[in-house]
Amino acid sequence: QVELVESGGGLVQAGGSLRLTCAASTPTRSMYAMGWCRKGPGKDREFVGGISWSGGNTHYADSVKGRFTISRDNAKNMIYLQMDSLKPEDTAVYYCAAGASYISTSIYLEPNEYDYWGQGTQVTVSS
């Protein structure tokens, strides 16, 4: 069983920064690709960024490329999303997600590829 708990959301002005944190509880000797997705008001859940088990591969949605950075610390079972130059359109509930991985370099790019989800954390960017 995998448990994911996000934290770090809040209210920030446009141009500001936030760092989201995901604490993951995963079975030992199992590999999980991790990702962040978001669901804005009136929108479907969308992929934001993903990172492989090894941490060596990352991928971002075009809308956040160059502004957001995903990272992980497997020793601490933590995943991070550093969000800079935030825009009002980044306002959403952000979810941490995990997907079982059989090779250490896999990344999942679609929300429906992930197996486990956290409860979400609200990010609101004011103009």
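**Questions on a predicted structure**

Trainee: Is Gly-40 buried or exposed?
Mentor: A residue counts as buried under 20% relative accessible area, as exposed over 50%, and as partly exposed in between, using a 1.4 Å probe and protein chains only. Gly-40 has a relative accessible area of 10%, so the residue is buried.

Trainee: What kind of model is this?
Mentor: Residues are numbered from 1 along each chain as its sequence is written, and side-chain values use heavy atoms, with hydrogens and water left out. Local features need pLDDT of at least 70, side-chain atom pairs count only at pLDDT 80 or more, and totals for chains, interfaces and linings use all residues, for the model is predicted.

Trainee: Where does Gly-40 lie, and how far apart in space are Gly-40 and Lys-87?
Mentor: Helices (H or I, at least four residues) and strands (E, at least two) are DSSP runs, numbered from the N terminus. On that numbering, Gly-40 belongs to the loop between β4 and β5 (46-51). Gly-40 and Lys-87 are 47 residues apart in sequence, and from C-alpha to C-alpha the separation in space is 13 Å.

Trainee: How many helices and strands does the protein chain have?
Mentor: Read along the sequence, the pattern of the chain is β-β-β-β-β-β-β-β-β-β-β. The count is therefore zero helices and 11 strands.

Trainee: What is the radius of gyration of the protein chain?
Mentor: This radius is taken over C-alpha atoms, and the globule rule is 2.2 Å times the number of residues to the power 0.38. For 127 residues the rule gives 14 Å, and the chain comes close to this, so it is as compact as a globular protein of that length. Along its principal axes, the C-alpha trace spans about 45 × 25 × 25 Å. The radius of gyration itself is 14 Å.

Trainee: In which order do the four strands of the open sheet stand?
Mentor: Two strands pair if DSSP finds at least two bridges between them. The edge strands are β1 (3-7) and β7, each of which pairs on one side only. The pairing is antiparallel, and the order is β1-β3-β8-β7.

Trainee: What is the average twist in this sheet from one strand to the next?
Mentor: Axes are lines fitted to C-alpha atoms, for helices over the stretch in contact, and angles run from 0 to 180 degrees between N-to-C directions. For the open sheet of four strands, the twist averages 15°.

Trainee: How many bridges join β7 to β8?
Mentor: These two strands run antiparallel. Among the bridge partners, Thr-69 is matched with Gln-82 in β8, and Ser-71 with Tyr-80. The number of bridges is six.

Trainee: Which side chains of β7 are buried?
Mentor: The side chains alternate along this strand. Thr-69, Ser-71 and Asp-73 point to one face and are not buried. Pointing to the other face, the buried ones are Phe-68, Ile-70 and Arg-72.

Trainee: What is the phi of Asn-77?
Mentor: Most residues other than glycine have a negative phi. Asn-77 sits in the turn of the hairpin that β7 and β8 form with four residues between them. At 32% relative accessibility, Asn-77 is partly exposed. Its phi is a positive value, near 55°.

Trainee: Which loop holds Ser-85?
Mentor: Ser-85 also has a positive phi, near 50°. With a relative accessible area of 42%, the residue is partly exposed. Its place is the loop between β8 and β9 (92-101).

Trainee: How much space lies in the largest cavity?
Mentor: On a 1 Å grid over the protein atoms alone, a cavity is a set of points where a 1.4 Å probe fits but cannot get out, and lining residues have an atom within 4 Å of a point. Grid points are joined across faces, edges and corners, and a volume is the space filled by probe spheres set on the points. The whole structure holds two cavities of 30 Å³ or more. In the largest, the space is about 70 Å³.

Trainee: Which elements give two or more residues to the lining of the largest cavity?
Mentor: The lining includes Tyr-32, Met-34, Arg-72, Asp-73 and Asn-77. The elements are β4 (31-39), β7 (68-73) and β8 (78-83).

Trainee: How many residues of the lining of the second largest cavity are charged?
Mentor: Ala, Val, Leu, Ile, Met, Phe, Trp, Tyr, Cys and Pro count as nonpolar, Asp, Glu, Lys and Arg as charged, and the others, Gly among them, as polar. Gly-40 is one of the lining residues here, along with Arg-38 and Glu-46. One residue of the lining is nonpolar, two are polar, and the number charged is six.

Notes. On a 1 Å grid over the protein atoms alone, a cavity is a set of points where a 1.4 Å probe fits but cannot get out, and a pocket is an open set with protein on both sides within 12 Å along at least five of seven lines; lining residues have an atom within 4 Å of a point.
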